Amino acid sequence: HSSALQHDRLSVVSAELFPAERQGWADAADARAPLGAPRHEESIEELRCYNIVGGQNIKEGSISDPRPPLDLAAGRDEWPACFKDECAGEAPAAAPAEASYPRVTMLGTGGMMPSKYRNVTSVYVAPTPGCHILLDAGEGTLGQLRRCVDADAVLAGLNCVWISHIHADHHVGLATLLSRRASLNPALPELLVVGPRSLEDYLKTFGAMVDLRYTFRTCKSGVLNVAPGVVLESVAVHHCSDSYGCVITGDGWKVVNSGDTRPCEALVTAGKDCDVLLHEATFEDDKQEDAVSKNHSTVSEALGVAVRMNAKQTVLTHFSQRYPKLPPPMEMPDGHSVALAFDLMQLTTSSAPALVEMNKRLTKLNAYYDAIEEEKQKVATAITNERRKKEDDAREFRVQRRLEKEAKQKELGALRREAKRRKGNDGKPQPQPDAEGV
């Protein structure tokens with residue numbers, strides 16, 4: 001629910017970059033599909049009446065359902081009122097035409113591990129109709145693919161999977177993709193997988209257990225023709241050993257993916273004048289030491305690469321999971337179309353105006369969120385103070401009760417001693433006066 005609502009809220013920011021989700025299974029009769037699961041062609045709007053209960057997909061009202069249905073309107077209500085009013089007065093951008101290529105879809109925009117709002121790294125590129133390329137395949141990539149396209153059709157027609165390096169958040173989902181593709185049709189040809197040499201060892205180990213059906217080429221193979229008129233070139237970058245970025249070139253266009261890296265001049269040269277740059281921005285600027293020690297880029301460093309590369313459109317991605325919703329505010333370079341990536345964001349080489357508008361709205365939204373967080377902090381402080389006051393009052397009450405109890409015990413002890421003394425005196429003979437009356 002959280003991820004779907006997040007996507008729906010972002011569609012308010014830009015309907016062009018965040019079209020309605022598609023969810024479901026390729027075949028409702030599939031043994032892995034929950035009972036009554038909707039098919040791919042159903043949008044998220046049509047899925048609001050479905051809930052997952054006990055491993056089954058149950059239509060609302062069919063049985064007692066302990067969970068509320070997915071309410072998109074309620075999800076939008078979580079936006080600040082002033083932001084909703086501002087967006088409501090503007091006509092939403094139209095979704096891009098289906099014939100617009102190349103198309104880039106951000107399947108995962110977080111680093112290290114999946115979070116509530118950001119999956120780990122993966123990018124789906126459709127250079128031309130019928131051509132499909134995946135750049136990295138972190139955990140959950142297949143599920144993300146199913147949310148935006150007919151995943152089985154894409155897998156069946158997949159031309160290439162390119163993996164930037166061997167870190168888990170970039171390749172753990174690959175075996176699942178290959179296994180699913182191999183199960184679709186025994187006649188499908190082997191899929192081209194391009195990656196670092198150590199990835200081949202991983203796939204060989206996994207392939208001993210399940211059918212993966214692939215052909216492996218290392219990133220050092222140079223320029224590869226992955227489809228008619230589409231060329232992929234790997235570029236060594238500065239991260240861990242055997243790490244790469246890539247440049248995909250087609251008929252009059254160029255898309256660059258940085259992978260994980262420090263600012264890299266070799267990538268700047270290879271991607272010069274690109275139409276779309278996808279660059280990692282793992283850390284905000286005040287985490288410069290972390291960026292250097294872990295071989296990642298800060299936001300400003302990624303923007304510097306975009307300027308030197310003269311990228312027409314830049315999308316910042318691979319954010320640290322310390323920024324689950326909105327990364328920190330940033331100053332955008334003048335004359336450049338720059339945007340923050342979110343899961344399932346879709347763009348083409350002509351999305352620059354939408355990126356600029358989206359960034360303006362998110363900048364305002366960041367300001368609204370700052371005000372909201374400040375108000376939340378005040379409320380949280382007041383609640384904390386009230387709780388502490390109650391705890392102090394309760395502690396003082398307990399101390400007072402203990403003191404009263406001790407005082408009563410002392411008083412009772414004194415009374416008992418006095419009674420014992422009197423009882424002892426009553427049993428003793430009184431002294432008699434002597435002859436002189438003394």
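Mentor: A salt bridge is a side-chain nitrogen of Lys or Arg within 4 Å of a carboxyl oxygen of Asp or Glu. This is a predicted model, with local features needing pLDDT of at least 70 and side-chain atom pairs counting only at pLDDT 80 or more, while totals for chains, interfaces and linings use all residues. Residues are numbered from 1 along each chain as its sequence is written, and side-chain values use heavy atoms, with hydrogens and water left out.

Trainee: How many salt bridges does a search of the whole structure find?

Mentor: The search finds 13 salt bridges.

Trainee: What makes the contact between Arg180 and Asp152 a salt bridge?

Mentor: The N to O distance between their side chains is 2.6 Å, and the cut-off is 4 Å, so the pair qualifies. The partners come from distant parts of the chain, 28 residues apart: Arg180 lies in helix 7 (residues 174-184) and Asp152 in helix 5 (residues 151-156). Helices here are DSSP runs of H or I with at least four residues, strands are runs of E with at least two, and both are numbered from the N terminus.

Trainee: Are Arg180 and Asp152 buried or exposed?

Mentor: Both Arg180 and Asp152 are buried (buried is under 20% relative accessible area, exposed is over 50%, and partly exposed is in between, with a 1.4 Å probe and protein chains only).

Trainee: Why is Arg395 with Asp392 called a salt bridge, and where do the two residues sit?

Mentor: The closest N and O atoms of Arg395 and Asp392 are 2.7 Å apart, which is within 4 Å and therefore meets the definition. Both are in helix 12 (residues 352-426), and because they are three residues apart, about one helical turn separates them.

Trainee: What makes Arg395 and Asp392 partly exposed?

Mentor: Arg395 has a relative accessible area of 40% and Asp392 has 41%. Each value falls between 20% and 50%, so both count as partly exposed.

Trainee: How do you know that Glu418 and Arg422 form a salt bridge, and which exposure class does each fall in?

Mentor: Their closest N and O atoms are 3.1 Å apart, again within the 4 Å limit. Glu418, at 29%, is partly exposed, whereas Arg422, at 52%, passes the 50% mark and is exposed. The two are four residues apart in helix 12, or about one helical turn. Elsewhere, salt bridges with shared partners join Arg197, Glu200 and Lys204 into one network.

Trainee: How many aromatic pairs are there, and why is the pair of Tyr202 and Phe206 called tilted?

Mentor: The whole structure holds one aromatic pair. The ring centres of Tyr202 and Phe206 are 6.1 Å apart and the planes stand at 45°. Rings of Phe, Tyr and Trp (its six-membered ring) pair when their centres lie within 6.5 Å, with planes under 30 degrees apart counted as stacked, over 60 as edge-to-face and the rest as tilted. An angle of 45° belongs to the rest, so the pair is tilted. Tyr202 and Phe206 are four residues apart in helix 8 (residues 197-207). Tyr202 is partly exposed at 25%, and Phe206 is partly exposed at 28%.

Trainee: What makes Arg118 a charge over the ring of Phe342?

Mentor: The charged end of Arg118 sits over that ring, 4.7 Å from its centre. The rule asks for NZ of Lys or CZ of Arg within 6 Å of the ring centre and within 35 degrees of the ring normal.

Trainee: How many disulfides are found, and why does Cys160 have no bond to Cys246?

Mentor: The search finds zero disulfides. The sulfur of Cys160 is 8.8 Å from the closest cysteine sulfur, that of Cys246, while a disulfide needs sulfur atoms within 2.5 Å, so the separation is too far for a bond. Cys160 is also buried, at 0% relative accessible area.

Trainee: Why is Asn257 called buried, and what is it in contact with?

Mentor: Its relative accessibility is 6%, under the 20% limit, so Asn257 counts as buried. Asn257 is in strand 12 (residues 254-257). Apart from neighbours within four places in sequence, its contacts (heavy atoms within 4.5 Å) are Leu135, Asp136, Trp162, Gly245, Cys246 and Leu278.
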